[in-house]
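Visitor: I have a model open and would like to learn to read it. Where should we begin?

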Amino acid sequence: MNNFEMDLVIETAMKAARRAGVIQKERSLKEFQVTRKQTRSDLVTEVDVQCEAAIIATIREVFPDHTALAEEKGEYAAEDASRRWIIDPLDGTVNYAHGFPMYCSSVALEADGAVVAGAVYDPVRDEMFHAALGRGAWLNGQPIHASTTPRLEDSLLATGFPYTIKTEAVNNLAQFAAFAMKAQAIRRPGAAALDLCYVACGRLDGFWEFHLKPWDMAAGALIVEEAGGMVAGKEGAPFSVYNHAVVASNGVIHGQMIQILADVALGSKHA
Ligand code: IPD
Ligand code: CA
Ligand code: CA
């Protein structure tokens with residue numbers, strides 16, 4: 001991708017993410033309809049759907065031939081299948097539905113199979129995170145870097161649990177318990193894209209979760225890597241947005257996190 005196209009992609013990703021965030025903030029003050037998806041805890045609001053439409057429209061104004069994969073409506077077909085936008089119109093829907101101020105929009109572009117640019121916008125704090133492959137990671141125009149915390153014992157971690165927690169075999173409770181005994185503290189903020197951005201800017205030292213979707217991770221994982229952090233898949237496997245699991249860290253504690261997860265996996269095999 002040439003520099004001109006990349007500039008336009010970054011600008012468009014940020015514009016689309018911001019447009020969704022503005023809708024989220026505005027509508028958070030009024031009534032909106034909430035419905036359940038498959039499980040009792042998996043919600044969707046009118047705002048999720050409205051944000052997705054706004055993001056798609058923003059992208060289509062600039063790149064009408066690009067395809068997209070977005071949480072609410074799935075695949076958006078178009079001519080150029082080598083360009084695919086991966087979109088979470090509202091990450092943190094359960095928080096949003098309860099008025100808990102931790103949510104965002106996430107917009108990334110995959111080009112020829114690799115995520116090359118991403119933007120995550122938090123409208124509550126007016127924070128725009130973005131990154132582009134080989135160009136670094138940024139928060140409101142300032143470069144960001146992962147932390148340098150060397151030990152898990154001094155680390156602040158975050159995680160998340162799947163909507164299927166009550167029925168899932170690997171529901172992350174054993175892993176949560178193991179990390180709770182090692183790390184300084186653990187948070188469960190409820191918006192995976194922001195959790196990743198917080199690793200990228202050093203507010204968190206690490207984050208892990210198992211049952212995520214491409215739109216939860218695409219932008220945030222690139223932002224972590226471009227900020228000098230590390231991302232891996234389950235048990236340290238190479239990261240892919242399509243493989244559901246992510247272990248993200250400042251890089252320094254990465255091995256320690258992977259070890260804990262491997263120990264828990266081994267323990268459950270012998271249980
Ligand atoms: C959810 C959030 C949450 C994570 C869930 C995701 P949604 O996304 O990122 O933090 O734990 O696994 O599904 O449904 O709010 O877009
Ligand atoms: Ca999400
Ligand atoms: Ca969502």
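Guide: We will take the metal sites, then one helix residue, then a sheet. Bear in mind that this is a predicted model.

Visitor: Which residues coordinate the calcium ion (ligand 2)?

Guide: Look for the donor atoms around the ion. Here they are the OD atoms of Asp88, Asp91 and Asp216, at 2.1 to 2.3 Å. Water is not among the atoms, so the site may look incomplete.

Visitor: How are these donors spaced along the chain?

Guide: Read the spacing as a pattern. For the calcium ion (ligand 2) it is D-x2-D-x124-D. The site links distant parts of the chain: Asp88 sits in strand E5 (residues 80-91) and Asp216 in helix H6 (residues 214-226), 128 residues apart.

Visitor: Are Asp88 and Asp216 buried or exposed?

Guide: Both Asp88 and Asp216 are buried.

Visitor: What coordinates the calcium ion (ligand 3)?

Guide: Check backbone atoms as well as side chains. Glu71 (OE), Asp88 (OD) and Leu90 (O) coordinate the calcium ion (ligand 3), at 2.1 to 2.4 Å. Their spacing in sequence reads E-x16-D-x1-L. Glu71 lies in the loop between strand E3 (66-70) and strand E4 (74-76), while Asp88 is in strand E5, 17 residues apart.

Visitor: Which residue bridges the calcium ion (ligand 2) and the calcium ion (ligand 3)?

Guide: Look for a name that turns up in both donor lists. Asp88 coordinates both ions, and they are 3.7 Å apart.

Visitor: Why does Asp88 count as buried, and why is Glu71 called partly exposed?

Guide: Compare each relative accessible area with the cut-offs. Buried means under 20%, and partly exposed runs from there up to 50%. Asp88 has 1% relative accessibility, so it counts as buried. Glu71 has 23%, so it is partly exposed.

Visitor: Now the helix residue. Where is Asp48, and what does Asp48 touch?

Guide: Place the residue first, then list its contacts. Asp48 is in helix H2 (residues 46-62). It is buried, at 1% relative accessibility. Leaving out residues up to four places away in sequence, Asp48 touches Glu72, Pro89, Leu90 and Thr93. With Thr93 there is a side-chain polar contact of 2.7 Å. Leu90, one of those contacts, is also a donor to the calcium ion (ligand 3).

Visitor: On to the sheet. What is the order of its strands?

Guide: Read across the sheet, not along the chain. This open sheet of five strands runs E12-E11-E13-E15-E14, with mixed pairing. Strand E12 (185-187) and strand E14 (230-232) each have a single partner strand, so one side of each has no neighbour in the sheet. From one strand to the next the twist averages 20°.

Visitor: How many bridges join the strands, and are they parallel or antiparallel?

Guide: Take each pair in turn. Strand E11 (residues 156-159) and E13 are parallel, with three bridges; Leu157 stands opposite Gly206. E13 and strand E15 (residues 246-249) are antiparallel, with four bridges; there Glu209 faces Val246. E14 and E15 are antiparallel over three bridges, and Ala232 has Val247 as its bridge partner.

Visitor: What covers the faces of a strand like E13?

Guide: In a regular strand, side chains alternate between the two faces of the sheet. In strand E13 (residues 206-209), Gly206 and Trp208 are on one side, with Phe207 and Glu209 on the other. All of these are buried, and both faces are covered. Helix H5 (residues 192-200) lies across E11, E13 and E15, at about 150° to E13.

Terms used
Residues are numbered from 1 along each chain as its sequence is written. Chains are lettered from A and ligands numbered from 1 in the order in which they are written. This is a predicted model: local features need pLDDT of at least 70, side-chain atom pairs count only at pLDDT 80 or more; totals for chains, interfaces and linings use all residues. Side-chain values use heavy atoms; hydrogens and water are left out. Donors are N, O and S atoms within 2.8 Å of the metal (3.2 Å for Na, K and Ca); water is not among the atoms, so sites may look incomplete. Helices (H or I, at least four residues) and strands (E, at least two) are DSSP runs, numbered from the N terminus. Buried means under 20% relative accessible area, exposed over 50%, partly exposed in between (1.4 Å probe, protein chains only). Two strands pair if DSSP finds at least two bridges between them. Axes are lines fitted to C-alpha atoms, for helices over the stretch in contact, and angles run from 0 to 180 degrees between N-to-C directions. Contact means heavy atoms within 4.5 Å. A polar contact is a pair of N or O atoms within 3.5 Å; within protein, one must be able to donate a hydrogen and the other to accept it, and residues adjacent in sequence count only if both atoms are side-chain atoms.
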